[in-house]
Amino acid sequence: MHVNRTEKVFIIASIILVVVFAIAIAVSSIAYGIQVPQPEMQVDPNLVATPGIYPGFGDPVDERVRELSPGNYEAYLLAQTWVFQPNEVRVPAGSKVTLYVTSKDVQHGFLLENTNINVMVIPGQISTLSATFDKPGTYNFICHEYCGVGHQTMFGRLIVE
């Protein structure tokens with residue numbers, strides 16, 4: 001079968017582009033610590049905030065951030081219409097924080113500014129992401145998925161002290 005010279009050039013260029021894109025994704029995921037959010041587990045969105053059923057999410061809001069060991073924290077964030085609970089997380093500088101995020105009503109988004117943490121928050125699914133915070137400061141988190149008329153008020157902050 002005869003393939004025109006111009007077509008061969010475009011076929012080869014397309015293959016090279018796909019290979020370059022694949023290499024760029026691999027390098028950036030290794031070099032910059034990009035991670036795909038993994039569902040930790042499935043939950044019943046109607047019962048997720050009930051005490052004693054799902055550890056972390058049913059606890060009082062002020063007890064949803066825990067120190068597991070020195071410099072190692074976990075935080076359980078529950079998204080529901082127009083609010084994150086808790087909406088403020090405090091950790092010391094140099095801490096590794098594992099975030100467990102779920103929703104009890106509709107689909108939300110979770111973006112932690114100035115980090116590579118960005119995940120869709122789906123009812124009934126707990127997503128897990130981790131990051132180490134070396135620099136003190138305030139990292140705002142916002143809902144980036146429209147969730148209703150009060151969507152613009154859905155935000156919080158992670159404070160590194």
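Visitor: What does it take for residues to count as a nonpolar patch here?
Guide: Each member needs over 30% relative accessible area and no salt bridge. Nonpolar side chains, such as Val and Ile, are then joined within 5 Å.

Visitor: OK, so which residues form the nonpolar patch on the surface?
Guide: Keep in mind that this is a predicted model. The patch adds up to about 450 Å² of accessible area, and one member, Val27, sits in helix α1, residues 5-31. The residues are Ile11, Ile15, Val19, Ile23 and Val27.

Visitor: Where is confidence lowest in the protein chain, and where is it highest?
Guide: On the whole, the chain averages a pLDDT of 89, and 98% of the residues score at least 70. The low spot is strand β1 (residues 38-42), with a mean of 78. The high spot, at 94, is strand β10 (residues 137-142).

Visitor: How many helices and strands does the protein chain have?
Guide: Follow the sequence and the pattern opens with α, then runs on as β-β-β-β-β-β-β-β-β-β-β. That makes one helix and 11 strands.

Visitor: How far apart are the end C-alpha atoms of α1?
Guide: At 1.5 Å a residue, the 27 residues of α1 should span 39 Å. The model agrees with that, because the end C-alpha atoms are apart by 39 Å.

Visitor: Which residue caps the N-terminal end of α1?
Guide: Look for a side-chain oxygen 3.0 Å from the backbone nitrogen of Thr6. At the other side, just after α1, Gly33 has a positive phi of about 70 degrees. The N-terminal cap itself is Asn4.

Visitor: What radius of gyration does the protein chain have?
Guide: For a compact globule of 161 residues you'd expect something near 15 Å. The C-alpha trace spans about 70 × 35 × 30 Å along its principal axes. The chain's radius of gyration comes out at 20 Å.

Visitor: Which residues does a cis peptide bond join?
Guide: Most peptide bonds are trans. Here, omega is about -10 degrees at a bond leading into Pro86, a residue in the loop between β4 (83-85) and β5 (88-91). The pair is Gln85 and Pro86.

Visitor: And what is the phi of Trp82?
Guide: Most residues other than glycine have a negative phi. Trp82, in the loop between β3 (72-80) and β4, has a positive one. Its value is near 75 degrees.

Key
Residues are numbered from 1 along each chain as its sequence is written. This is a predicted model: local features need pLDDT of at least 70, side-chain atom pairs count only at pLDDT 80 or more; totals for chains, interfaces and linings use all residues. Side-chain values use heavy atoms; hydrogens and water are left out. Patches are made of residues with over 30% relative accessible area and no salt bridge: like charges are joined within 9 Å, nonpolar side chains (Val, Leu, Ile, Met, Phe, Trp, Tyr) within 5 Å. Accessible areas come from the Shrake-Rupley method with a 1.4 Å probe; for residues, only the protein chains shown count as cover. A salt bridge is a side-chain nitrogen of Lys or Arg within 4 Å of a carboxyl oxygen of Asp or Glu. Helices (H or I, at least four residues) and strands (E, at least two) are DSSP runs, numbered from the N terminus. pLDDT is the predictor's confidence in each residue, from 0 to 100. The expected span of a helix is 1.5 Å times one less than its number of residues. A polar contact is a pair of N or O atoms within 3.5 Å; within protein, one must be able to donate a hydrogen and the other to accept it, and residues adjacent in sequence count only if both atoms are side-chain atoms. The radius of gyration is taken over C-alpha atoms; the globule rule is 2.2 Å times the number of residues to the power 0.38.
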